Structure formats: structure tokens, C-alpha cells
Amino acid sequence: MNKKTKLRIALASATLVVAAATGTALASGGSSSGSDSGSERPSTAQNKRGEQDKRQMPAVVEADGANVFPHSLDFDAPSKSFYVGSLKHGTVSTVGTDGKVRTFIDDPQIVSAQAVNIDRERGRVLVSNVDYGTADRSRKDAPFKVAGLGSYDLATGKQNWCVDLTALTLDGKRHLISDVTVAPDGTAYAVDELTPTVFRIDPEGNASVVLRDDLLQGTLDIPDFLDDVGMAAVEYVAGDQLIIAMADGSLVRVPVQHPEDAQKVRLSTPLASPTAGMRLLADGSITAVSSGLLTGKPARIQHVTPADGWKTATVTVTDTVTDPVTSDVSEGPGGTTYALSGGLADLLAGKPNDGFTLTPVRTG
């Protein structure tokens, strides 16, 4: 089966996912204890607590950016703005809590902007450069041949540098830089979803391969679209380590100084698959979102609590998002957490949309 045939089938599959998501009423699953010390019946007490939680949650942000199709986001607290990348236009936009979308970065070198990371300490925005074959600037006959990282001034949007990471591999394979994280010294680490490669990029834009290991090889197949999907998200954590979320629901711990000692984190239960995005919380734990792209079921928000320096971790589901194709989580105003539903299924199906949604979610 050639790539064009696969893509056509993938578009049809994406349409079916959208139909399943919008045509089926699915209740979010919450955990509850088996006893209740109050006089009310458990169901009544739980309903009241649920209503109170909803009143305390901030409002959903309905962003007005037509055909932006963001995959990831980050939040800049001083400006009270979210930053989102566009898979369709290759731009980066700011989004206020009023839902207004304003283009901030428009660099012709960026085909599709996937990962977005605000590095306020160094006054920059990091953006990963990818190509699904569906963007305005895509090479439609050669998808997944672009892999890079750009750095842009946080005040002006002007490019500092934009590095081509495929120049380090020269392997002729498909690549997709799914996420990037920043260490305290300003070193960025980017992960490739389609090869088992972790890149290191210093603050001046000099890049190298820090790890290439079969442990990071993808095993998840998206029928008739992508095979062997691997690293979906990465966070730098205490202990000079990277925590990498694999699309299959596993986590891998990579010691930065000794990447050859990388090993899987022993989880109480795997994250739901496909895992799509993560956020590092103030206490050192992580919130992760798992997309319902393959099932049409609500996306799951999960809390990952580490132990033994991230050798082990406990996973609990803390919330769901009705839109199954939810791909990232980020800090929001006042220490909140928001999940991004960017319309990826519409993009793959070749359908327009009129915006995207940022949904506040519970993290614990």
C-alpha cells in the first residue's frame, strides 16, 4: 500500500473517530470510596461534590482561531497568554482567556509547529518543526521528512535560530519531533516520535544526539496512517533526568549524564494509550493526557506520582475531556491546568474548523 493510499484511508478513519466522539454520549468515570460517613446517600453526596467542583473550575476557553489546528500549548504567566502552534499554517499564536487568537510567529522555515515551550528565563519560545503532509507549506508527496527545532524571541517573535535535526541522522527515515523540554541550564531536549532518538540542543542552537536506543522504539500503530509510533512527550525532572512518555502508555527514565542507563519506569498501571502530552507539576509529579483518537472515548487526564527517584510511579485517573482528540495539557492562570483539543481529526480528514478548545481539568 503506497503512502497516498494510506493517507486516504487515515482520513476516512479520522472521520469515523469524529462521528463516534460526537454521536455517542459517554459518562466520565470517577473514583469513589465504598463508604460514606454522612447522613446523605453516597450518590447524593457525590452529586453535590461534583456540582461544587464544576462551580469552582474556571471557564472553558473557546478559541476563535479558524483552521489553526494546534497540537500542543504552553502558558506564559506574566502575559496571561497561552501559546499554541499551528499544524496547518506553521505559525505560533497567543490565546487569551477571552479566546482571541493572535499570530505571534510566522517563520517560513516552520512547516508545521507542533511542540511549543515557553522558556521565560531566557526570553524565548521553542517550537518543533514537523510535517504531516497536511500543512500549507508541506511537501505533500514526502510527509514526515522534516524534523527541527526553532528558537524565537519571546518579546518580538523574531527567530534566534532554527536547526535541522535530520542533518544529524541522515538516515532517510520518517521523523516527527513530538515534544521538547528545557533543563535549568538552558539545554533543550527534543524527542522523535518515529525513531528512537533523543536530541540535545544548547542555548545557541548547536544540536547533537544524546541517545538512540531500542528502548525508545515505538510499538503503537495508528491503522493505515502511522506505524511504530513512539515517544509522545518529555519532561525534565529533578535528579537531572528526562521522563519520556511513550505512546503505548509506558514511561522511560533517562539520566541526562548517563543516558545509556535509561530504563522503563515501573508503573502501578500503564497510562491509557495513546499518551499525548504531559505537564510537570510544582510538587514534582506529572499530569498526562491520553487521547481517545483510536477509540472515540473521552480523553483521560492522569496523575503520575513518582517514588524512588522515578524508578517507580503510581498512576491515577483524575479527570476526562469529552473531546477524544485532546492532545496536550499545560499550566493555566492561577496554577490551573488546561487541556487542548485542537481538531486533529478534522485536519486529517481534510475538513475545516472554526477554532479549538482549552478545557480546565482536575489534576488530583
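Which residues lie nearest the centre of the largest cavity? In this predicted model, they are His-71, Glu-193, Ile-222, Leu-293 and Leu-344, which belong to a lining of 23 residues. A single cavity of 30 Å³ or more is present in the structure, and the largest cavity holds about 300 Å³ of space. Its lining draws at least two residues from each of four elements, namely strand E14 (220–222), strand E15 (226–229), strand E21 (275–280) and helix H4 (344–348). Sorted by class, the lining of the largest cavity comprises 15 nonpolar, seven polar and one charged residues.

The second largest pocket offers a useful companion view. About 740 Å³ of space lies in the second largest pocket. It is lined by 38 residues, and those closest to its centre are Asp-74, Asn-117, Ile-118, Thr-181 and Glu-235. Two or more lining residues come from each of strand E2 (73–76), E6, strand E10 (177–182), strand E16 (231–237), E21 and strand E25 (328–331). Strand E6 gives the largest share of this pocket's lining, with six residues. The class make-up of the lining of the second largest pocket is 18 nonpolar, nine polar and eleven charged residues. Strand E21 thus appears in the linings of both the largest cavity and the second largest pocket.

Two of the strands that line this pocket, E6 and E10, can be followed further into their hairpins. Strand E6 covers residues 112–119, and eight of its eight residues are buried. Its partner is strand E7 (residues 124–130), to which E6 is joined by six bridges in the antiparallel sense. Within this pairing, Asp-119 stands opposite Arg-124 of E7. Four residues lie between the strands of the E6 and E7 hairpin, where Gly-123 adopts a positive phi near 60 degrees.

Strand E10 shows a comparable degree of burial on its own count: six of its six residues are buried, so E10 is largely enclosed by the rest of the structure. Five bridges connect E10 with E11, and the two strands pair in the antiparallel sense. Val-182 has Ala-188 in E11 as its bridge partner. The hairpin of E10 and E11 has five residues between the strands, and here Gly-186 takes a positive phi near 95 degrees.Strand E21 also takes part in a sheet. Five strands make up this open sheet, in the order E20-E24-E23-E22-E21, with mixed pairing. Strand E20 (266–267) and E21 are the edge strands, each pairing on one side only. Five bridges hold E21 to strand E22 (residues 286–290), and these two strands run antiparallel. One of the facing pairs is Arg-279, which stands opposite Thr-287 in E22.

Attention now turns to the nonpolar interior. In soluble globular proteins, nonpolar side chains tend to be buried together. The largest nonpolar core has 33 residues, among which Leu-149 and Ile-201 touch the most other members. At least two residues of this core are supplied by each of E7, strand E9 (159–164), E10, strand E11 (188–192), strand E12 (197–201), E14, E15 and H4. Helix H4 provides the largest share of this core, four residues. Helix H4 also supplies at least two residues to the lining of the largest cavity.

Aromatic contacts complete the picture. A pair of aromatic rings is described by the distance of the centres and the angle of the planes. Five aromatic pairs are found in the structure. The rings of Tyr-83 and Phe-104 have centres 5.6 Å apart and planes at 90 degrees, so this pair is edge-to-face. Tyr-83 lies in strand E3 (residues 81–85) and Phe-104 in strand E5 (residues 101–106), so the pair ties together parts that are 21 residues apart in sequence. Tyr-83 is buried, with a relative accessible area of 5%.

Phe-144 and Phe-225 form an aromatic pair that is also edge-to-face, at 6.2 Å centre to centre and with 65 degrees between the planes. Phe-144 sits in the loop between E7 and strand E8 (148–153), while Phe-225 sits in the loop between E14 and E15, so this pair ties together parts that are 81 residues apart in sequence. Both Phe-144 and Phe-225 are buried. Elsewhere, ring pairs link Phe-75, Phe-82 and Tyr-338 into a cluster.

Methods. Residues are numbered from 1 along each chain as its sequence is written. This is a predicted model: local features need pLDDT of at least 70, side-chain atom pairs count only at pLDDT 80 or more; totals for chains, interfaces and linings use all residues. Side-chain values use heavy atoms; hydrogens and water are left out. On a 1 Å grid over the protein atoms alone, a cavity is a set of points where a 1.4 Å probe fits but cannot get out, and a pocket is an open set with protein on both sides within 12 Å along at least five of seven lines; lining residues have an atom within 4 Å of a point. Grid points are joined across faces, edges and corners, and a volume is the space filled by probe spheres set on the points. Ala, Val, Leu, Ile, Met, Phe, Trp, Tyr, Cys and Pro count as nonpolar, Asp, Glu, Lys and Arg as charged, and the others, Gly among them, as polar. Buried means under 20% relative accessible area, exposed over 50%, partly exposed in between (1.4 Å probe, protein chains only). Two strands pair if DSSP finds at least two bridges between them. Rings of Phe, Tyr and Trp (its six-membered ring) pair if their centres lie within 6.5 Å; planes under 30 degrees apart count as stacked, over 60 as edge-to-face and the rest as tilted. A nonpolar core is a set of buried Ala, Val, Leu, Ile, Met, Phe, Trp, Tyr and Cys residues joined through side-chain atoms within 4.5 Å.
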